[in-house]
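Student: I would like to go through this structure and ask how each label is earned. Can we start with the rule and then the example?

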Amino acid sequence: MRVPSLPEVRRLTEKERDAWWTVLLVDPVATPLVRWTAMWARVTPNQITWAALVLGIGAAACFAQGDWQWLVAGAVVYHVSFILDCMDGKLARLTGKGSAFGAWLDYIFDRVRVLVCAIALMGGQYQRTEDVTYIWLAVAVVFLDMLRYMDALEIWKVRLNMRRRQRERAEELGLIDTSQDNGAEDEADDTPVKGTAKVPAQPTAGDASTAPAAPAHVVPPAKTFITRLPGYVRLRDFLVSHRIRIHLFSGIEFQMTIFIVAPLLGSVFWPTVAAGALLLAFEVLVVYRLLLATRAFQRTMARYDRLEAEMKSETSSPSEQATLV
């Protein structure tokens, strides 16, 4: 196959928004490697997924030794494994060889890698120190990793369902023109569903009068204490302009802190505790944002109900007047 130039490969394979660890420490290596790998027609995304798992198990074997030299080796191998884990999806997008089974395989292998590495890392430290706290840390790491990815999946489903219901309701009321819509769903949380609005949405408090109106079936984000924090909006815009998502400490940073930063520092306990606390704090923030989104959804659906009632009232007025005459 003809392999595009590196800038084109970046455009085709890199996500619009991603974790800062991936943007800064993985993509600069993974994207050129994907371009080089695409020249080999026999290499498939699933093969890279399997290679990432094998290296992950190799990192676990290093972690299990417990000594600092082995921890450093395990951290290096784990990072290489994560680079491969990012490459399989990029290669699938570039070559069109992706599949639903490949996506499932990638997800399951990610969880297996975290499980094996957590047990090996904490088990190695327990064998070295005979401190039972490391056993509980292994349980906590596995639990928090599962919680994060299960929560992310469910939140995505809830948001997608709300968008679809808003869209269907807006179409019923004739508020959007589906003839100019390509039917694509947005991937970003704050990106409106594509469509042409016939009636502008009601602005929320604090919106500038010159700001472009959102489609009628999309609820503008409400002002919260977070957006009012000094410098938050500027920081958010800076991160988004560099493809870095606002959720600064998610599952990826959690894993990297425990399986790369902690081993390199030669101190597993406190970095793991700090990573767990940060992950929980950001998860609470995500749930809070979901709560705001559901409240905005309810307000929008109520507004649609009022609009429908007004439409029915307007259509019934002439007949009622004729009856009175």
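Tutor: A salt bridge is called when a side-chain nitrogen of Lys or Arg is within 4 Å of a carboxyl oxygen of Asp or Glu. Keep in mind that this is a predicted model.

Student: What makes Glu308 and Arg169 a salt bridge?

Tutor: The N to O distance between the side chains of Glu308 and Arg169 is 2.6 Å. The rule asks for within 4 Å, so the pair qualifies. This pair links distant parts of the chain: Glu308 is in helix α9 and Arg169 is in helix α6, 139 residues apart.

Student: Which residues are linked with Arg169 and Glu308 in a network of salt bridges?

Tutor: Glu172, Asp305 and Lys312 are linked with them in that network. By the rule, the count comes to 15 salt bridges.

Student: Why is Arg169 called buried or exposed, and what about Glu308?

Tutor: Buried means under 20% relative accessible area, and partly exposed lies between that and 50%. Arg169 has 11%, so Arg169 counts as buried. Glu308 has 25%, so Glu308 counts as partly exposed.

Student: How do you know that Glu14 forms a salt bridge with Arg243?

Tutor: Their closest N and O atoms are 3.2 Å apart, and the limit is 4 Å, so the pair passes. Glu14 sits in the loop between α1 (6-13) and α2, Arg243 in the loop between α7 and α8, and 229 residues separate them along the chain. Glu14 has a relative accessible area of 15%, so Glu14 is buried. Arg243 also has a positive phi of about 70° although it is not a glycine.

Student: Which residue in the loop between α5 and α6 has a positive phi too?

Tutor: Glu130, in that loop, has a positive phi of about 60° and is not a glycine. Its relative accessible area is 66%; exposed means over 50%, so Glu130 is exposed.

Student: What makes the link between Thr49 and Asp88 a polar contact?

Tutor: Their side chains make that contact at 2.7 Å. The cut-off for a pair of N or O atoms is 3.5 Å, so the distance fits. Thr49 belongs to helix α3 and is buried, with a relative accessible area of 4%. Leaving out residues up to four places away in sequence, Thr49 touches Leu105, Asp106 and Phe109 as well as Asp88.

Student: Why is Tyr134 called buried or exposed?

Tutor: Tyr134 has 10% relative accessibility, and under 20% means buried, so Tyr134 is buried. Tyr134 lies in helix α6, and residues touching it include Met122, Gln125 and Val268.

Student: What makes the largest nonpolar core a core, and how many residues has it?

Tutor: The name requires buried nonpolar residues joined through side-chain atoms within 4.5 Å. The largest such set has 46 residues, and those with the most contacts inside it include Phe63, Leu121 and Phe259. Helix α4 gives the most to this core, with 10 residues. Leu121 is in contact with Phe63, Leu71, Ile258, Phe259 and Val268, neighbours within four places in sequence left aside.

Student: How do you know that Leu115 is suited to the nonpolar surface patch?

Tutor: Patch residues need over 30% relative accessible area. Leu115 has 34%, so that cut-off is passed, and Leu115 is partly exposed. The patch covers about 950 Å², with Leu115, Trp104 and Met146 among its members, and α5 gives the most to it, with eight residues.

Definitions and conventions:
Residues are numbered from 1 along each chain as its sequence is written. This is a predicted model: local features need pLDDT of at least 70, side-chain atom pairs count only at pLDDT 80 or more; totals for chains, interfaces and linings use all residues. Side-chain values use heavy atoms; hydrogens and water are left out. Buried means under 20% relative accessible area, exposed over 50%, partly exposed in between (1.4 Å probe, protein chains only). Helices (H or I, at least four residues) and strands (E, at least two) are DSSP runs, numbered from the N terminus. Contact means heavy atoms within 4.5 Å. A polar contact is a pair of N or O atoms within 3.5 Å; within protein, one must be able to donate a hydrogen and the other to accept it, and residues adjacent in sequence count only if both atoms are side-chain atoms. Patches are made of residues with over 30% relative accessible area and no salt bridge: like charges are joined within 9 Å, nonpolar side chains (Val, Leu, Ile, Met, Phe, Trp, Tyr) within 5 Å. Accessible areas come from the Shrake-Rupley method with a 1.4 Å probe; for residues, only the protein chains shown count as cover.
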